[in-house]
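Colleague: Please take a close look at one part of this model for me, and then tell me how the rest of the chain fits around that part. Keep it informal, and spell out the cut-offs as you go.

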Amino acid sequence: MHQINPRKLRLSKWTSLSPQKKEKHFIVTELLYDDQENVIECVIEAVLTHQEYTLSWHDLKSAEHWQQGWH
């Protein structure tokens, strides 16, 4: 499990360990907050296709699915 500071996620780079549609490398482009200013979700963009996906920032902690940085 990765140690992640949700406040430093913006513009961080991630590699999917189970790529689909040849989308392997992603960058966090936006953070979504709740009413108490806590990060609840993040928007990631595929580098190759520029397709955007929204997911819980906690999903990036899964070492089975995500690796920090581009590998």
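Modeller: Let's start at His65, which is partly exposed, with a relative accessible area of 37%. On this scale, buried means under 20% relative accessible area, exposed means over 50%, and partly exposed is whatever falls in between, using a 1.4 Å probe and protein chains only. Before going on, some ground rules: this is a predicted model, where local features need pLDDT of at least 70 and side-chain atom pairs count only at pLDDT 80 or more, while totals for chains, interfaces and linings use all residues. Numbering runs from 1 along each chain as its sequence is written, and side-chain values use heavy atoms, with hydrogens and water left out.

Back to His65, then. You'll find it in the loop between strand S4 (52–56) and strand S5 (66–68). Strands here are DSSP runs of E with at least two residues, helices are runs of H or I with at least four, and both are numbered from the N terminus. Leaving aside residues up to four places away in sequence, His65 touches Thr15, Ser16, Leu17 and Ser18. A contact, by the way, means heavy atoms within 4.5 Å. In sequence His65 and Ser18 are 47 residues apart, yet their C-alpha atoms are 6.2 Å apart in space. Glu64 sits in that S4–S5 loop too, and Glu64 is exposed, with a relative accessible area of 66%. From Glu64 to Ser18 it is 46 residues in sequence and 8.6 Å in space, C-alpha to C-alpha.

Now move to strand S1, residues 13–20, where Trp14 lies. Trp14 is buried, at a relative accessible area of 1%. Pick Trp14 and Glu37 and you get a separation of 24 Å between C-alpha atoms for 23 residues along the chain.

Ile4 is one of the residues that touch Trp14. It lies in the segment before S1 and counts as buried, at 13% relative accessibility. Besides Trp14, Ile4 touches Leu9, Trp57, Leu60 and Lys61, again not counting residues up to four places away in sequence. The C-alpha atoms of Ile4 and Leu60 are 8.3 Å apart, with those positions 56 residues apart along the chain.

Trp14, Leu9 and Leu60 come up again in the largest nonpolar core. A nonpolar core is a set of buried Ala, Val, Leu, Ile, Met, Phe, Trp, Tyr and Cys residues joined through side-chain atoms within 4.5 Å. This one has 14 residues, and those touching the most other members are Leu9, Trp14, Val28, Cys42, Ile44 and Leu60. Strand S2 (23–33) and strand S3 (39–46) each supply at least two of its residues, and S3 gives the most, with four. Cys42 is a good one to click on: not counting residues up to four places away in sequence, it touches Val28, Glu30, Leu31, Tyr53, Thr54, Leu55, Trp57 and Leu60. In soluble globular proteins, nonpolar side chains tend to be buried together.

The other end of S1 is worth a stop as well. Lys21 is in the loop between S1 and S2, and so is Lys22. Lys21 has a positive phi of about 55° despite not being a glycine, and Lys22 has a positive phi near 60°. Most residues other than glycine have a negative phi. Lys21 is exposed, with a relative accessible area of 66%, and Lys22 is exposed with 74%.

Finally, zoom out to the whole chain. There are zero helices and five strands. The radius of gyration is 12 Å, close to the 11 Å that the globule rule gives for 71 residues, so the protein is as compact as a globular protein of that length. That radius is taken over C-alpha atoms, and the rule is 2.2 Å times the number of residues to the power 0.38. Along the principal axes, the C-alpha atoms fill a box of roughly 35 × 25 × 15 Å. Of the 71 residues, 31% count as buried. And the sort of long-range pairing we began with adds up: among contacts with a separation of 6 or more, 42% come from residues 24 or more positions apart.
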